[in-house]
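Colleague: Before I rely on the labels attached to this model, I would like to hear how each one was reached. Could you take me through them in turn?

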Amino acid sequence: QVQLVESGGGLVQAGDSLRLSCAASGRTISSYSMSWFRQAPGKEREFVAAINWNGGSTEYADSVKGRFTISRDNAKNLVYLQMNILRPEDTALYYCAADPRPRLPPPPKSPDEYAYWGQGTQVTVSS
(Lines give C-alpha, C1' and ligand atoms only; values in the text may rest on other atoms or scores of the structure.)
Protein backbone atom coordinates (compact mmCIF):
# COMPACT_ATOMS: atom_id res chain seq x y z
CA GLN A 1 0.00 0.00 0.00
CA VAL A 2 1.07 3.54 -0.72
CA GLN A 3 -0.05 6.52 1.30
CA LEU A 4 -0.06 9.92 -0.35
CA VAL A 5 -0.22 13.23 1.51
CA GLU A 6 -0.58 16.52 -0.30
CA SER A 7 0.51 19.87 1.07
CA GLY A 8 1.18 23.41 -0.05
CA GLY A 9 -2.31 24.61 -0.80
CA GLY A 10 -3.66 27.92 0.40
CA LEU A 11 -5.44 31.15 -0.37
CA VAL A 12 -3.71 33.34 -2.94
CA GLN A 13 -4.55 36.14 -5.32
CA ALA A 14 -4.85 35.85 -9.08
CA GLY A 15 -1.42 35.94 -10.67
CA ASP A 16 0.33 34.41 -7.67
CA SER A 17 2.19 31.13 -7.51
CA LEU A 18 1.99 28.04 -5.33
CA ARG A 19 3.92 24.81 -5.17
CA LEU A 20 2.07 21.69 -4.13
CA SER A 21 3.90 18.68 -2.78
CA CYS A 22 2.86 15.05 -2.61
CA ALA A 23 4.72 12.90 -0.12
CA ALA A 24 4.50 9.15 -0.57
CA SER A 25 5.08 6.57 2.14
CA GLY A 26 4.77 2.84 2.48
CA ARG A 27 6.59 2.05 -0.75
CA THR A 28 8.92 3.75 -3.11
CA ILE A 29 7.10 5.41 -5.99
CA SER A 30 10.16 5.57 -8.20
CA SER A 31 8.59 3.24 -10.79
CA TYR A 32 5.08 4.70 -10.62
CA SER A 33 3.32 7.13 -12.89
CA MET A 34 2.16 10.06 -10.78
CA SER A 35 -0.44 12.68 -11.41
CA TRP A 36 -2.42 15.61 -10.08
CA PHE A 37 -6.17 15.97 -10.39
CA ARG A 38 -8.48 18.64 -9.06
CA GLN A 39 -12.12 18.96 -8.17
CA ALA A 40 -14.04 22.19 -7.79
CA PRO A 41 -17.35 22.36 -5.91
CA GLY A 42 -20.18 20.97 -8.01
CA LYS A 43 -17.82 19.72 -10.71
CA GLU A 44 -16.29 16.39 -11.60
CA ARG A 45 -12.70 15.54 -10.82
CA GLU A 46 -10.49 16.62 -13.68
CA PHE A 47 -7.00 15.79 -14.84
CA VAL A 48 -4.32 18.45 -14.29
CA ALA A 49 -0.89 16.92 -14.93
CA ALA A 50 0.94 13.59 -15.01
CA ILE A 51 4.54 12.42 -15.04
CA ASN A 52 6.07 9.06 -15.88
CA TRP A 53 8.40 7.16 -13.59
CA ASN A 54 11.63 8.97 -14.46
CA GLY A 55 10.23 12.38 -15.31
CA GLY A 56 10.98 11.98 -18.99
CA SER A 57 7.37 12.25 -20.08
CA THR A 58 4.74 14.69 -18.84
CA GLU A 59 1.16 15.47 -19.76
CA TYR A 60 -0.92 18.55 -18.97
CA ALA A 61 -4.50 19.65 -19.27
CA ASP A 62 -4.89 22.37 -21.87
CA SER A 63 -6.14 24.76 -19.20
CA VAL A 64 -2.83 24.64 -17.30
CA LYS A 65 -0.26 24.24 -20.07
CA GLY A 66 2.44 26.88 -19.82
CA ARG A 67 1.45 27.76 -16.24
CA PHE A 68 1.83 24.53 -14.27
CA THR A 69 4.82 22.19 -14.09
CA ILE A 70 4.84 18.70 -12.62
CA SER A 71 8.10 17.23 -11.36
CA ARG A 72 9.33 14.50 -9.06
CA ASP A 73 12.20 13.59 -6.78
CA ASN A 74 12.36 9.82 -6.62
CA ALA A 75 15.13 9.86 -4.04
CA LYS A 76 12.77 11.68 -1.66
CA ASN A 77 9.55 9.96 -2.75
CA LEU A 78 8.06 13.33 -3.62
CA VAL A 79 6.05 14.78 -6.47
CA TYR A 80 5.50 18.48 -7.03
CA LEU A 81 3.12 20.73 -8.90
CA GLN A 82 4.44 24.23 -9.50
CA MET A 83 1.51 26.51 -10.28
CA ASN A 84 2.17 29.94 -11.71
CA ILE A 85 -0.10 32.74 -12.89
CA LEU A 86 -2.96 31.30 -10.89
CA ARG A 87 -6.51 32.13 -11.91
CA PRO A 88 -9.76 32.06 -9.95
CA GLU A 89 -10.86 29.10 -12.08
CA ASP A 90 -7.92 27.11 -10.65
CA THR A 91 -9.72 27.07 -7.31
CA ALA A 92 -10.25 23.43 -6.34
CA LEU A 93 -9.22 20.60 -4.10
CA TYR A 94 -6.03 19.19 -5.61
CA TYR A 95 -5.31 15.46 -5.37
CA CYS A 96 -2.16 13.49 -5.93
CA ALA A 97 -2.52 10.02 -7.44
CA ALA A 98 -0.23 7.05 -8.14
CA ASP A 99 -0.35 4.31 -10.76
CA PRO A 100 1.94 1.44 -9.76
CA ARG A 101 1.80 -0.48 -13.04
CA PRO A 102 4.82 -0.50 -15.34
CA ARG A 103 3.88 1.29 -18.52
CA LEU A 104 5.33 3.04 -21.49
CA PRO A 105 4.96 6.79 -21.70
CA PRO A 106 2.96 8.93 -21.84
CA PRO A 107 1.53 8.67 -18.34
CA PRO A 108 -2.24 8.18 -18.14
CA LYS A 109 -4.76 10.98 -17.81
CA SER A 110 -7.80 9.01 -16.69
CA PRO A 111 -8.49 8.82 -12.95
CA ASP A 112 -9.50 5.20 -13.47
CA GLU A 113 -5.83 4.35 -14.13
CA TYR A 114 -4.69 5.46 -10.70
CA ALA A 115 -4.91 3.11 -7.74
CA TYR A 116 -3.74 5.34 -4.90
CA TRP A 117 -5.04 8.76 -3.94
CA GLY A 118 -4.29 11.37 -1.35
CA GLN A 119 -6.86 13.34 0.64
CA GLY A 120 -6.27 16.56 -1.24
CA THR A 121 -5.08 20.07 -0.52
CA GLN A 122 -7.27 23.12 -1.07
CA VAL A 123 -6.21 25.85 -3.45
CA THR A 124 -8.27 29.03 -3.48
CA VAL A 125 -7.50 31.85 -5.89
CA SER A 126 -9.19 35.19 -5.32
CA SER A 127 -9.73 37.70 -8.10
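Modeller: Let me begin with the largest nonpolar core, which has 36 residues, and in which Leu-4, Met-34, Trp-36, Leu-81, Met-83 and Tyr-94 have the most contacts. Two or more residues of this core come from each of strand E3 (18-25), E4, E5, strand E7 (68-73), strand E8 (78-83), E9 and E11. This is a predicted model, in which local features need pLDDT of at least 70 and side-chain atom pairs count only at pLDDT 80 or more, whereas totals for chains, interfaces and linings use all residues. Residues are numbered from 1 along each chain as its sequence is written, and side-chain values use heavy atoms, with hydrogens and water left out.

Colleague: What makes a set of residues a nonpolar core?

Modeller: The term covers buried Ala, Val, Leu, Ile, Met, Phe, Trp, Tyr and Cys residues that are joined through side-chain atoms within 4.5 Å. Buried means under 20% relative accessible area, exposed means over 50%, and partly exposed is in between, with a 1.4 Å probe and protein chains only. The strands are DSSP runs of E with at least two residues, just as helices are runs of H or I with at least four, and they are numbered from the N terminus.

Colleague: Why is strand E5 described as largely enclosed by the rest of the structure?

Modeller: Strand E5 (residues 46-51) has five of its six residues buried, and therefore it is described as largely enclosed.

Colleague: What pairs with E5 in the antiparallel sense, and over how many bridges?

Modeller: Two strands pair if DSSP finds at least two bridges between them; strand E4 (residues 33-39) and E5 have five, in the antiparallel sense, and Phe-37 stands opposite Phe-47 in E5. E5 is also joined by three bridges to strand E6 (residues 58-60), again antiparallel, with Thr-58 in E6 as the bridge partner of Ile-51. E4 and E5 form a hairpin with six residues between them, where Gly-42 in the turn has a positive phi of about 80°; E5 and E6 likewise form a hairpin with six residues between them, and there Gly-55 in the turn has a positive phi of about 80°.

Colleague: How do you know that the side chains alternate along strand E11?

Modeller: In E11 (residues 121-126), Thr-121, Val-123 and Val-125 point to one face and are buried, while Gln-122, Thr-124 and Ser-126 point to the other and are not. Strand E2 (residues 10-13) runs parallel to E11 and is joined to it by four bridges, and strand E9 (residues 92-99) pairs with E11 in the antiparallel sense over three.

Colleague: Why is the pair of Phe-37 and Trp-117 called tilted?

Modeller: A search of the whole structure finds four aromatic pairs. The rings of Phe-37 and Trp-117 have their centres 5.1 Å apart and their planes at 55°, so the pair is tilted: rings of Phe, Tyr and Trp (its six-membered ring) pair if their centres lie within 6.5 Å, and planes under 30 degrees apart count as stacked, over 60 as edge-to-face and the rest as tilted. Phe-37 lies in strand E4 and Trp-117 in strand E10 (residues 116-117), so the pair ties together parts that are 80 residues apart in sequence.

Colleague: Is Trp-117 buried or partly exposed?

Modeller: Trp-117 has a relative accessible area of 24%, and so counts as partly exposed, whereas Phe-37, at 0% relative accessibility, counts as buried. The rings of Tyr-95 and Trp-117 have centres 6.4 Å apart and planes at 80°, so this pair is edge-to-face. Tyr-95 is buried, with a relative accessible area of 11%. Phe-37, Phe-47, Tyr-95, Tyr-114 and Trp-117 form one aromatic cluster.

Colleague: What makes the link of Cys-22 and Cys-96 a disulfide?

Modeller: The sulfur atoms of Cys-22 and Cys-96 are 2.1 Å apart, and a disulfide is a pair of cysteine sulfur atoms within 2.5 Å, so the criterion is met. The search of the whole structure finds one disulfide. With -75° about the S-S bond, the link of Cys-22 and Cys-96 is left-handed, and the pair links distant parts of the chain, with Cys-22 in strand E3 and Cys-96 in strand E9, 74 residues apart. Both Cys-22 and Cys-96 are buried.
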